[in-house]
Amino acid sequence: MNNPFIPRLVYFEPKALDYPLGEQLYKKFKKMGIEIRYTTSHNQVRNLPGENDFQKYRVAKSTLVVGIRKTLKFDTSKPSAEYAIPFATGCMGHCHYCYLQTTMGSKPYIRTYVNVDEILDTADKYIAERAPEITRFEAACTSDIVGIDHLTHTLKRAIEHFGQSEYGKLRFVTKFHHVDHLLDANHNGKTRFRFSINADYIIKNFEPGTSSLDQRIEAAGKVARAGYPLGFIVAPIYLHDGWQKGYFQMFEHLDAELPLDARDDITFEFIQHRFTKPAKRVIEKNYPMTKLELDEEKRRYKWGKYGIGKYIYQKEQEEDIKSHLYSYMEKFFPNAKLEYFT
Ligand code: SF4
């Protein structure tokens, strides 16, 4: 994906226009000639164009709903942060294994919330409750926030807000390279900017509608040069022909791009591919042609919360993945911190 996301259809909830960001977005989309509709609530977003579920799903993924975040109680977001901070939900990407497919169910459209000040005020209250302990907020639990931020600049505001915070920190992860407007944000080192990366083969086959590996790595270089603490989530680690080489090249490429002075504060998170039975059903419905291997027989079953277990790689395969990825990380980034492997 070269161009930043532009919605095909935009809905406004009535109160959204009372907020400066709502008004600004309204003018922007009007000027761009994008079809605008009104809805009393995002739940009323019906009659999306499309003849069947397959088409409607695709239209929904390019539909933006501009609204208000009513629930200002933040979810927890362990282990990587204390809370999830809700600026947006949904994503325009089409990663076959995206967790949003099961969590967003029948509402895959993208929502952006314009009451940003209220959301940030709430974050400050959570921070005050825990101070002087640090409170971390994850901004990418329910969306790929970077992917829409060129339109809203909400993330930029949040980065600058946390930049001034004594005990609050922000983090997020993205598969998009549209980071230029975030480079001059006054982050003060309080935001950890993470990229989700993978072997080239996997991004090409399973992550349509997102940025290429080259684009993400180039963007990571820019982010590092802008002084942000950097992180990489390698996920999902997926076995395929030549996977060792694919992951080695990914690290080699990172090594060639990242400036030397950014390497002492880099984190890695490794997540092997997994699926649940409900996720498999949704993937096969939304991406019927996928080449993704989802064979329960080949996997190891791991009991999960609420009785929904997941299928992960066999123990030996898992060890093989670990030993290769750890050795690449240590070779190219000896000072990086491995947060977890799961
Ligand atoms: Fe899902 Fe992330 Fe892909 Fe968007 S970029 S579809 S949030 S996995």
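## A guided tour, starting at helix α4

Begin by selecting helix α4, whose buried residues pack against α1 (20-31), β4 (83-84), β6, β7 (135-138), α6 (154-163) and β8 (168-174). Please keep in mind throughout that this is a predicted model.

With α4 (residues 116-130) still selected, colour its buried residues, which are Val116, Ile119, Leu120, Thr122, Ala123, Tyr126 and Ile127. They cover an arc of only 155° around the axis, which puts them on the same side of α4. Turn the view to the face pointing away from that buried side, and you will find the exposed residues Lys125, Ala128 and Glu129. If you check the length of α4, its 15 residues reach 22 Å from the first C-alpha to the last, close to the 21 Å expected at 1.5 Å a residue.

Next, move to strand β6 (residues 110-113), which runs parallel to strand β3 (residues 63-67) and is joined to β3 by four bridges. To see one of these pairings, select Gly67, whose bridge partner in β6 is Tyr113. Widening the selection shows an open sheet of five strands in the order β2-β1-β3-β6-β5, with mixed pairing. At its edges stand β2 (35-38) and β5 (88-89), each with a single partner strand, so one side of each is left without a neighbour in the sheet.

From β3, follow the chain into the loop that leads to β4, where Lys70 has its place. Is Lys70 buried or exposed? Lys70 is exposed, with a relative accessible area of 65%. For a sense of distance, pick Lys27 as well: the two lysines are 43 residues apart along the chain, and their C-alpha atoms are separated by 23 Å.

Strand β4 then takes you to the other sheet, an open one of seven strands in the order β4-β7-β8-β9-β10-β11-β14, with parallel pairing. The edge strands here are β4 and β14 (337-341), each of which pairs on one side only. Between β4 and β7, which pair in the parallel sense, there are two bridges, and you can locate one by selecting Tyr83 together with its bridge partner in β7, Phe137.

Now select the ligand and display the residues around it, which are Cys91, Gly93, Cys95, Cys98, Leu100, Asp144, Lys175, Phe176 and Thr210. Sorted by class, this shell has five nonpolar, two polar and two charged residues.

Keep Cys95 on display and add Ile203, which lies 108 residues away in sequence but 8.5 Å away in space, C-alpha to C-alpha. Ile203 belongs to helix α7 (residues 200-206), and it is buried, with a relative accessible area of 6%. Leaving aside residues up to four places away in sequence, Ile203 touches Asn198, Ser211, Ser212, Leu213 and Arg216.

Two of those contacts, Leu213 and Arg216, bring you to the last stop, because both appear among the buried residues of helix α8, together with Gln215, Ile217, Ala219, Ala220, Gly221, Val223 and Ala224. What covers the buried residues of α8 includes β9 (191-197), α7, β10 (230-237) and α9 (243-257), so these elements are worth displaying together. The 13 residues of α8 (residues 213-225) should span 18 Å at 1.5 Å a residue, and the end C-alpha atoms are indeed 18 Å apart, which agrees. Finally, step past the end of α8 to Gly227, which follows the helix and has a positive phi, near 85°.

Methods:
Residues are numbered from 1 along each chain as its sequence is written. This is a predicted model: local features need pLDDT of at least 70, side-chain atom pairs count only at pLDDT 80 or more; totals for chains, interfaces and linings use all residues. Side-chain values use heavy atoms; hydrogens and water are left out. A residue is near a molecule or strand if one of its heavy atoms lies within 4 Å of it. Ala, Val, Leu, Ile, Met, Phe, Trp, Tyr, Cys and Pro count as nonpolar, Asp, Glu, Lys and Arg as charged, and the others, Gly among them, as polar. Two strands pair if DSSP finds at least two bridges between them. The expected span of a helix is 1.5 Å times one less than its number of residues. Buried means under 20% relative accessible area, exposed over 50%, partly exposed in between (1.4 Å probe, protein chains only). The arc is that of the directions from the helix axis to the C-beta atoms. Contact means heavy atoms within 4.5 Å.
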